[in-house]
Amino acid sequence: MRIYVMSVFVDDQAKALDFYTAKLGFIVKNDIPLGDHRWLTIVSKEAPEGTELLLEPSEHPAVGPYKSSLVNDGIPAASFKVDDLKKEFERLRQLGVEFTLEPTDAGPVRMAVFDDTCGNLIQLVEMTEGK
Amino acid sequence: MNDDQLDNVFKALGDPIRRGILDRLAKRPGQSLFEICASSFAEDGRSLSRQTISQHLDMLERAGLVQTHWSGRTKMHTFDNAPLRKAAAAWLNKHLRKGSAA
């Protein structure tokens, strides 16, 4: 058994696609029309055969309260790993990405949190233990 | 400051986890629940559930020691030392002055 896809609920798939590819730098793996929506998954350029992230529509009535409760408490909906958090933070900030938490030490990792403009907070993590 | 308020302040202070939260909020004001949980783990090595931290924050808020504001759609917490000053004026100072010779 393998984990091949995980999802984040996005307010708008087209807007999410732009943010996750043009800003974050992920690439599209699957883009299949599915009625009103798309089966839209992205992968990392660094691991194109790795786990896919599904940009899932937020239509279900439970999704709104779920997403806003997480955002209220500052809790990220997904977490991405980077080699150099400082560099990635500077790069994304230049692109206008809004950080709710600037790079901060959190035990064995350094982390930052930004707004994906589609209703989610996303965490970036750099493993610092053993460096 | 009345007796109920004074009780709330001393009750809120009567716990090492809550004092730790205040210490960290004093160092870095404006933290979300997520950050408070992460920093309590990073600094104390204590892994507490969000539910537990959330209950501690409620007590601190009731005592006025933690103030909240919204940054976008995220609730941020900040330490307010005003209740400490008021508690000092209402009760602590009375005894601290007497003992100042020691």
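This is a short walk through three spots in a two-chain structure: a surface patch and a helix in chain B, and a serine in chain A. Hi everyone, and please keep in mind that this is a predicted model.

Let's start on the surface. Phe10(B), Trp91(B), Leu92(B) and Leu96(B) make up a nonpolar patch there, and together they offer about 360 Å² of accessible area. Helix α5 of chain B, residues 82–98, contributes the most, with three residues. Phe10(B) comes from helix α1, residues 3–13 of chain B. Its relative accessibility is 34%, so Phe10(B) counts as partly exposed, between the 20% and 50% cut-offs.

Now to helix α2 of chain B, residues 16–27. Does its length fit, you may ask; well, twelve residues at 1.5 Å each should span 16 Å, and the end C-alpha atoms sit 17 Å apart, which agrees. At the N-terminal end, Asp15(B) acts as a cap, with a side-chain oxygen 2.8 Å from the backbone nitrogen of Ile17(B). Ile17(B) is also one of the buried residues of this helix, along with Arg18(B), Gly20(B), Ile21(B), Leu22(B), Arg24(B) and Leu25(B). What do these buried residues pack against? Their partners in chain B are α1, α3, α4, β1 and β2.

Last stop, chain A. Ser58(A) belongs to the loop between β4 (52–57) and α2 (63–72). With a relative accessible area of 16%, Ser58(A) is buried, because the cut-off is under 20%. Its side chain reaches the backbone oxygen of Val10(A) at 3.0 Å. Leaving aside residues up to four places away in sequence, Ser58(A) touches Val10(A) as well as Phe9(A), Asp11(A), Val63(A) and Lys67(A). Thanks for listening!

Methods. Residues numbered from 1 in each chain as written. Chains lettered and ligands numbered in written order. Predicted model: local features only at pLDDT ≥ 70, side-chain atom pairs only at ≥ 80, totals over all residues. Heavy atoms only, no water. Patch = residues over 30% accessible without salt bridge, like charges linked within 9 Å, V, L, I, M, F, W, Y side chains within 5 Å. Areas by Shrake-Rupley, 256 points an atom, 1.4 Å probe, with all protein chains shown as cover. Salt bridge = Lys/Arg side-chain N within 4 Å of Asp/Glu carboxyl O. Helix = DSSP H or I, 4+ residues; strand = E, 2+ residues; numbered from the N terminus. Buried < 20%, exposed > 50% of the residue type's maximum accessible area, 1.4 Å probe, protein only. Expected span 1.5 Å × (residues − 1). Contact = heavy atoms within 4.5 Å. Polar contact = N/O pair within 3.5 Å; in protein donor to acceptor, adjacent residues only side chain to side chain.
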